[in-house]
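Consider how charged side chains pair in the structure shown here. The explanation below goes through the pairs one at a time.

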Amino acid sequence: MQRPKSHAIFSRAKELMPGGVNSPARAFGGVGGEPVVFERAAGAYLFDVDGNQYIDYIGSWGPMILGHQHPQVVAAVREAIEKAFSFGAPSPGENELCELICQLVPSIEMVRLVSSGTEATMSAIRLARGYTGRDRIIKFAGNYHGHVDSLLVAAGSSAATLGVPNSPGVTAGTTQDTIVCRYNDVANLEEVFTEHGSTIAGVIFEPIVGNMGTVVPTPDFLQTLRELTWKHGALLICDEVMTGFRVSAGGAQQLLDITPDITTLGKIVGGGMPIGAYGGRKEIMEHILPAGKVFQAGTLSGNPVATAAGIATLKLLRDQPPYEKLDQLGKLLGDGLLAAAHEAKIPATLTRVGSMLTLFFNDMQPTDWDGASKSDTTRFARYFWGLLNRGVYMPCSQYEALFVSAAHTEADIQQTIDTAKEVLAGFGA
Ligand SMILES: *Cc1c(COP(=O)(O)O)cnc(C)c1O
């Protein structure tokens, strides 16, 4: 597959933007080589600037659950644009989107809209600290919550590392109140609460991890999280920026029966436009300014064009739920990819929840970062490039979940499996 225009545009981009991109995940760092530059998208397909077509399994890293350019979402955005781009003042769409969020996610009684997932998690931990009057936050190795300073701490393999920043520019002071625990490790969590319980403001976690590849929590781990936070007066912050409206209309908390104190949302909630949100019980949310004293603000928060896309998307997910179809397609794809790897005698495991899944080049099913990080990323890179050059656009890292959308067909999935078979069979010994 030839991409001369992509190459020319990306070459110039490298002089204009650091690494040629506006977010590192899209730079192909995990697989080497140059990213593809895109021109347009429709349904389950992407079209690059050279006219090549791809089946899309990234969906803009999650938001495009209905596929690209869903006609009802496009119509809603057109209508909104005719009225205004931004008010910086209340508009009815904010009510409508917040009503939908509260309706679909019952643990949320009150919401604050922001413009990204990072803003949502950053604000949620500030709220947890402001509400409890405590400083410490627990997070888990391999869970990603956006580029919040205090959450950018080493995902070290020791059981409980007191936060050590893993980006230059994040000071030791900023991360000193972050405790990193091991995902799915009940004993580790109990130990940390026994030692630090009275100083812990909250625990933030991905209820189904997407950011080390797809990793599923054990029921025991979820129950311990809920019980320990209750017992010690800490808030449980469920980061559903990826899983919200993805694994079910009510997110992972509905699927797994967890009731968090605060939920963070992003990605699908904006239907492809920049929206994030955090919400929870009214009694907690009313600590936010101007109802309460915890400061948080945003010039473009609740933007009318973005809320229009979010409303149209959530209404479609509520009224014509695609989840059964997504699960079937996800299963078809997951089973097919795993079988293709095994046919080629390549060690692999497949983790899937509905339409989010990961083929790990790893003979053990990962349950935490230590396990996930033992995957064969060199083999993954070869697999990725083989697929890309045959028109299948997968996430460019072993440690990202791939997404199926409601616009994918069985034929798309079958074509993908056949392509994966061809690629993997070519690996030889
Ligand atoms: C993507 C993601 C974020 C960050 O959201 P942005 O909109 O990229 O800032 C936070 N948490 C989780 C679980 C995510 O998947």
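What follows describes salt bridges in a predicted model.

Side chains of opposite charge can pair when their charged atoms come close. Across the whole structure, a search finds 14 salt bridges. Those discussed here include two pairs that link separate parts of the chain, a pair formed by Asp376 and Arg379, and a network.

Begin with Arg352 and Asp327, whose side chains form a salt bridge with an N to O distance of 2.8 Å. Arg352 belongs to strand β12 (residues 349-353) and Asp327 to helix α11 (residues 323-343), so this contact ties together parts that are 25 residues apart in sequence. Arg352 has a relative accessibility of 26% and therefore counts as partly exposed. Asp327 is also partly exposed, its relative accessible area being 33%.

The next pair is Asp376 and Arg379, a salt bridge in which the closest N and O atoms are 4.0 Å apart. The cut-off for a salt bridge is within 4 Å. Asp376 is partly exposed at 30% relative accessibility, and Arg379 is partly exposed at 29%.

A further salt bridge joins the side chains of Glu422 and Arg390, at 2.8 Å from N to O. Here too, distant parts of the chain are linked: Glu422 sits in helix α14 (residues 410-425), while Arg390 sits in the loop between α13 (377-388) and β14 (392-393), and the two residues are 32 residues apart. With 39% relative accessibility, Arg390 counts as partly exposed.

Finally, which residues are linked in a network of salt bridges? They are Arg182, Asp185, Asp368 and Asp370.

Terms used
Residues numbered from 1 in each chain as written. Predicted model: local features only at pLDDT ≥ 70, side-chain atom pairs only at ≥ 80, totals over all residues. Heavy atoms only, no water. Helix = DSSP H or I, 4+ residues; strand = E, 2+ residues; numbered from the N terminus. Buried < 20%, exposed > 50% of the residue type's maximum accessible area, 1.4 Å probe, protein only.
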